[in-house]
Amino acid sequence: MRRTPFVIAAASLALLLPGSAHADGVPVRAAGDRAPADGAHAALAGRAPAAPVLSRAGGRYERPVSLTLRAERGTTIRYTLDGTTPTRDSRLYVPGRPLRITKDTNVSAVAFRGGRAGAPVHAGYLIRTAEKPLARLVVMSDVHIGDHKNNDKKYESFFDTLASVFPEPDAILSNGDMINDNGDGRGGDHRIVSEIFRANLQRKGMDDTQVLLSNGNHDASLADIRAHYPRAWFPDSGGGYYESTVGGVRLFTVNTETYNSDPAQRAWLKKRLAELTAEPAHARTPILVQGHRPAPGTAMDGQQASNPRLTEDLSAFPQVIYFSGHSHLNINDERSVHQRDFTAVNDGSMSYVEMDHGYQAVTETGLADRFEAPTAQALFVEVYRDRTQIARVNMAADKHDIYTDGTWSANWQPPYASAGTLSGPTWTVRLKGDSPQEIKDGFSYTDARRNTTAPRFTDRRPLTLVKGDKGGRARALRIDQARDDQMVHHYRVDVEDRATGAKLLSSKVLAEYYFMPRPNSLDIPLPATKHGTRYVARVRAVDAQGNASREASLTFAG
């Protein structure tokens, strides 16, 4: 099977190839090569080690992966398999003992030389069997392309990552908001999207891959979409909706900009779904539907949803898997998949992701109200006869603030250390039963089956103070991140005067779960304290389902 190498920064690769030279002229050799000369030893000791090299690129494999790690002579390698940043306390990699990857896993590794840590390397591995799916689709949305300058290199990286998972996908769904039109006449930007996509399809040899588009609220007009893409990419008959077949799997594209007020579109969708599900051979076959806006009462608790009639119309068909974008809400969150009468799945976003509003994030300038991060994500969908597997993959999830020098920007450029990593475990949708109700009874991702396990702090003393360079008063409260069986969403942080109860700080701080790797600790900036006053900090870790940990506390003097 053709594979595309996992994206690693070119500088890191140059450092690690045996006999290669770094930009500073220092020769670097892999473990097992001859020892460098004394002068090289001194030079190596003066800088941080390079990132380790992984023997197998990240991507999709049809058997377990035997993975070896290499780094510079004189270093040790520490690694994690849970998406966290490796530290000196992480597992030690023993040369000659490969890691055996038998399930979907994020591998992160760091080389250490003495007290210095190098840059980490990350890769995501999807482990499958040799069973061939009926169809493989990449589902993305909200690409928001407006120029070549900020997107050409970005989408080369994105398509490299895409090909590392599906070298030749049957289809790529771009589920609305291909451009950034806000009623300001930017419909011609669709031509740029078409050029970028076609160039990368050709570059990656995806000659037989279908591209199927839906209409979003930032896509100007249907006429603009028709004018700038191949007819096969948007084969509507006038209303922005159409039916397709992808590898024998039925796909319906709906126009969520008009669905509620379009009786013809509603009648068409219900009629075709009823006809398909009435056939005994298709009674338990998944039917895919893509539409830009979420359906109310479904994924992400219905945030930013519209078209209640779409939820109503799909409710009779538990075979439907409905994919939606628009919200930009991240796909790390387990609420991004939802089942009641049908399956609804949130696509995430290819431009930047959002989190629920009402939280703060730690930035370089302190705590700030944030609900956006320059992370790009997509879904990799495999439809089998008895199940549909939906993998969540990061195109780019390196840690950056959405603001740089006070300016909003999601145009972070490659290389991305996080490209191809997993943003959560694979979701599996099964259709079991001989009637619609029996199929619904077998759903796994329902409100009634939501996770009830609370996060927990694993360190005996998870709260500590961070003081200034010369000691003195505390400038931050450090939280060693709690653990959860899914993910920690945020922390409820309260710091108050122990005697009077007056609040020094009260905030809900995001746990930065949308970056890869996740940081092991968060430093929560503290307002100025008063000398001689005693304070108490109280912190609870909360997951996406609202389950909260036991309280951790720390008393300290101002």
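**Exercise 1. Where is the place of P517?**

Find this proline in the predicted model, then look at the peptide bond before it.

*Solution.*
Step 1: Follow the chain to the loop between β34 (503-510) and β35 (521-525); P517 has its place there.
Step 2: Look at the bond from M516 to P517, which is cis, with omega near 5 degrees.
Step 3: Stay in this loop between β34 and β35, since E512 is found there too. E512 is not a glycine, yet its phi is positive, about 60 degrees.
Step 4: Check how covered E512 is. Buried means under 20% relative accessible area, and E512 has 2%, so it counts as buried.

**Exercise 2. Find the cis bond that leads into P415, and explore the loop around it**.

*Solution.*
Step 1: Go to the loop between β29 (407-408) and β30 (422-429), the place of P415.
Step 2: Inspect the peptide bond from P414 to P415: it is cis, and its omega is near 10 degrees.
Step 3: Now pick out A410, found in the loop between β29 and β30 as well. With a relative accessibility of 10%, A410 counts as buried.
Step 4: List what surrounds A410. Setting aside residues up to four places away in sequence, A410 touches K154, S351, Y352, P374 and I402.
Step 5: Try a distance across the model. A410 and G205 are 205 residues apart along the chain, and their C-alpha atoms are separated by 28 Å.

**Exercise 3. Decide whether M300 is buried or exposed, and describe its backbone**.

*Solution.*
Step 1: Locate M300 in the loop between β18 (287-290) and α7 (308-314).
Step 2: Read its phi angle. For M300 this is near 50 degrees, a positive value in a residue other than glycine.
Step 3: Compare its relative accessible area with the cut-off for buried, under 20%. M300 has 2%, so it is buried.

**Exercise 4. Explore the largest nonpolar core and the contacts of L379**.

*Solution.*
Step 1: Start from a general idea: in soluble globular proteins, nonpolar side chains tend to be buried together.
Step 2: Turn to the largest nonpolar core, which holds 61 residues. The members touching the most other members are L137, M140, Y155, F197, F323, L379 and F380.
Step 3: Zoom in on L379. Beyond its neighbours within four places in sequence, its contacts include L137, V138, V139, F323, I331 and V345. N346, D347, I390, A391, R392 and W427 are also in contact with L379.
Step 4: Look for another core. A second, separate one has 24 residues, among them I479, V495, A541 and L554.

**Exercise 5. Describe the protein chain as a whole, from its folded elements to its surface**.

*Solution.*
Step 1: Count the elements: there are eight helices and 37 strands.
Step 2: Test the overall size. A compact globule of 558 residues would have a radius of gyration near 24 Å; the chain has 25 Å, so the two agree.
Step 3: Picture a box along the principal axes: the C-alpha atoms fill roughly 70 × 65 × 50 Å.
Step 4: Ask how much is hidden. Buried residues make up 55% of the 558 residues.
Step 5: Take the contacts with a separation of 6 or more; residues 24 or more positions apart account for 70% of them.
Step 6: Finish with the surface and the charges. The accessible surface comes to about 23400 Å², and 48% of that belongs to carbon and sulfur atoms. The chain has 70 positive and 64 negative side chains, with the centres of the two sets 7 Å apart.

Key. Residues are numbered from 1 along each chain as its sequence is written. This is a predicted model: local features need pLDDT of at least 70, side-chain atom pairs count only at pLDDT 80 or more; totals for chains, interfaces and linings use all residues. Side-chain values use heavy atoms; hydrogens and water are left out. Helices (H or I, at least four residues) and strands (E, at least two) are DSSP runs, numbered from the N terminus. The radius of gyration is taken over C-alpha atoms; the globule rule is 2.2 Å times the number of residues to the power 0.38. Buried means under 20% relative accessible area, exposed over 50%, partly exposed in between (1.4 Å probe, protein chains only). Contact means heavy atoms within 4.5 Å. Accessible areas come from the Shrake-Rupley method with a 1.4 Å probe; for residues, only the protein chains shown count as cover. Lys and Arg count as positive and Asp and Glu as negative; His and the chain ends are not counted. The place of a charge is taken as NZ of Lys, CZ of Arg, CG of Asp or CD of Glu. A nonpolar core is a set of buried Ala, Val, Leu, Ile, Met, Phe, Trp, Tyr and Cys residues joined through side-chain atoms within 4.5 Å.
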